[in-house]
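Please find below a note on the two-chain model, set out as numbered points. The remarks concern helix packing, the interface and confidence.

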Amino acid sequence: MASINSITSLSIPQVCENVSRKFTRAALNAAGSREKLPTISNPKVLGAVDWIGKKLSSAENRLILGASALLSQPFIDASNKDVDSETRRYSICRTIAKIIAGTATGYTIRKLCIKSIDAFTKSVNEIKPDMKFKKLRTLLTPTLKYTADELSQYKNTLGTILALGVMVFTNFLIDAPLTKALTNWFAKLGGNHNVKSE
Amino acid sequence: MLNPSKLFENFKNTILTKYGPNPAKMLIYTGVLGWFLSSAAQVVAIAVNDKIPKEQKMFLIPQEIGDGAINVVSFFLVTTAIKNFASRLVSSGKLASPKIRQYLTDSGINIKTKKGWKVLPNFDFSKFDIKNMTNFDLIKDEYNSFKNGIDVIAMTAGSILSCNIITPILRNKYAAKRQQKTLAEMNKVNMDRMQYPRGISMDTYRNQAALKYSGSPLKI
């Protein structure tokens, strides 16, 4: 009974976290050898790791996901033999359209929102005399002590949260109509093979 | 009495302490929310697109719903698992930068050999965490920077695997099954509504045959 209670009291993300933690523990014991511990010593690779950890925001992440999606998803749809050729063709057109529209708007909105947050997350010594809206510049600056890297990630997080709010609207106003227009355009480009008898 | 100004302060400081030192975690959570909102919009877009024939909509709408649902689950399972695994590789000292490795060697955790570094035979990686070491402050900055980089790389790789490979394969399977089922049901309704003389045309017969669950259209 106690175990049932403990399961039901967990949320879905917690259950997923627990499953992945167990997987991690098992994989960690299995991975690699004790005799040779991998050390990343190439300065260029170390520099890249450092840069990614500090600078890669959700906007760049969305761009990477979009680019890799274009390289994989249309081919997965093209090899889907469970549907007829006409459905497959629409599916490919829509997948490409969705990736292009989603990545373009997702990247732009995230980037703009992170930039907007940055404008109002200044520390006191960053405020210059010729700046406009001086009082608002520290509106979003946290009151706790922080490092430069932590503040940068804080701005990315707030910017991404703001972007998600904005995307509630732009998904309907920009993404969806753009996907629709691109899908129809791609379908037309490939030739409309759909013959409607009625 | 709730104080809005205090609540706002708390919100900012919570974001700073929770995600400031852990950017990969933020990317996962916001990524899931983003996929969910995007899927909802796409479903509406397909539903109102009058240029997509009804039969294709029957595939595309479940495809989108499946995409959203599978994305969320695979994000939490695959992406979190890969991110946690990479995280533990660093925190257990298996994967390190030269400075972290030197620190572990100086602390007696690693032993330098001619071939590289190794640990003692009875060393348990799953119980060890660099952050629990008493002199962790000596390497804190280097460790955090290296770990954040590895976390974000692993999270991105996990996202690519889950969103761009696992999800499209699974959602296509799911959507195709849904389309077949819906088309079969639609044709069944049409058959039931048929007036005398009851029977089927060659076209309907061919459609029915193609929708048979068991095997290919030629095998009826």
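**Note on the predicted complex**

1. α6(A) and α2(B) are roughly parallel to each other, because their crossing angle falls in the class so named (under 35 degrees is roughly parallel, over 145 roughly antiparallel, 65 to 115 roughly perpendicular, and the rest oblique). Their axes cross at roughly 15° and come within 9 Å, α2(B) being the helix of residues 23-48 of chain B. Axes here are lines fitted to C-alpha atoms, for helices over the stretch in contact, with angles from 0 to 180 degrees between N-to-C directions. The crossing of α6(A) and α2(B) is right-handed (the near helix is turned clockwise from the far one by less than a right angle; anticlockwise would be left-handed). By class, this contact has 13 nonpolar, ten polar and two charged residues. Nonpolar covers Ala, Val, Leu, Ile, Met, Phe, Trp, Tyr, Cys and Pro, charged covers Asp, Glu, Lys and Arg, and the others, Gly among them, are polar.

2. The model is predicted: local features need pLDDT of at least 70, side-chain atom pairs count only at pLDDT 80 or more, and totals for chains, interfaces and linings use all residues. Residues are numbered from 1 along each chain as its sequence is written, while chains are lettered from A and ligands numbered from 1 in the order in which they are written.

3. A second contact of α6(A) across the interface is with helix α1 of chain B (residues 4-19). The axes of α6(A) and α1(B) come within 9 Å and cross at roughly 115°, and the crossing is right-handed. From α6(A), the residues involved are A:Glu150, A:Gln153, A:Tyr154, A:Thr157 and A:Leu158; α1(B) contributes B:Ile15, B:Leu16 and B:Tyr19. By class, five of these residues are nonpolar, two polar and one charged.

4. For the interface as a whole, 72 residues of chain A are in contact with 72 residues of chain B (contact requires C-beta atoms, placed from the backbone, to lie within 7 Å). The helices α2 (12-30), α3 (43-55), α4 (58-78), α5 (85-119) and α6 (148-189) of chain A each supply at least two residues of the side that touches chain B. Which helix gives the most to that side? α6(A) does, with 18 residues. The side of chain A that touches chain B comprises 31 nonpolar, 26 polar and 15 charged residues.

5. Chain A has six helices and zero strands (DSSP runs numbered from the N terminus, with helices being H or I of at least four residues and strands E of at least two). Of the 198 residues in chain A, 32% are buried (20 or more other C-beta atoms within 10 Å of the residue's own, against 12 or fewer for exposed and partly exposed in between, with C-beta atoms placed from the backbone). Among contacts in chain A between residues at least 6 apart in sequence, 67% join residues at least 24 apart.

6. Within chain A, the axes of α5(A) and α6(A) cross at roughly 150° and come within 7 Å. The two helices are therefore roughly antiparallel to each other, and their crossing is right-handed. The contact of α5(A) with α6(A) draws on 20 nonpolar, eight polar and six charged residues.

7. In chain B, B:Ile70 lies in helix α3 (residues 54-91). Why does B:Ile70 count as buried? The reason is that B:Ile70 has 22 C-beta neighbours inside 10 Å. Not counting residues up to four places away in sequence, B:Ile70 touches B:Thr167, B:Leu170 and B:Arg171.

8. The predictor gives the complex an ipTM of 0.77 and a pTM of 0.75. Chain A has a mean pLDDT of 82, and 81% of its residues reach 70 or more (pLDDT is the predictor's confidence in each residue, from 0 to 100). Chain B averages 80, with 85% of the residues scoring at least 70.

9. Confidence in chain A is lowest in helix α1 (residues 2-8), at a mean of 49, and highest in α4(A), at 93. Among the elements of chain B, helix α6 (residues 202-210) has the lowest mean pLDDT, 62, and helix α4 (residues 98-106) the highest, 90. In chain A, pLDDT stays under 50 over residues 1-5, for which the model has zero contacts beyond four places in sequence. Where pLDDT is low, the predicted coordinates should not be read in detail.

Key. Contact = placed C-beta atoms within 7 Å.
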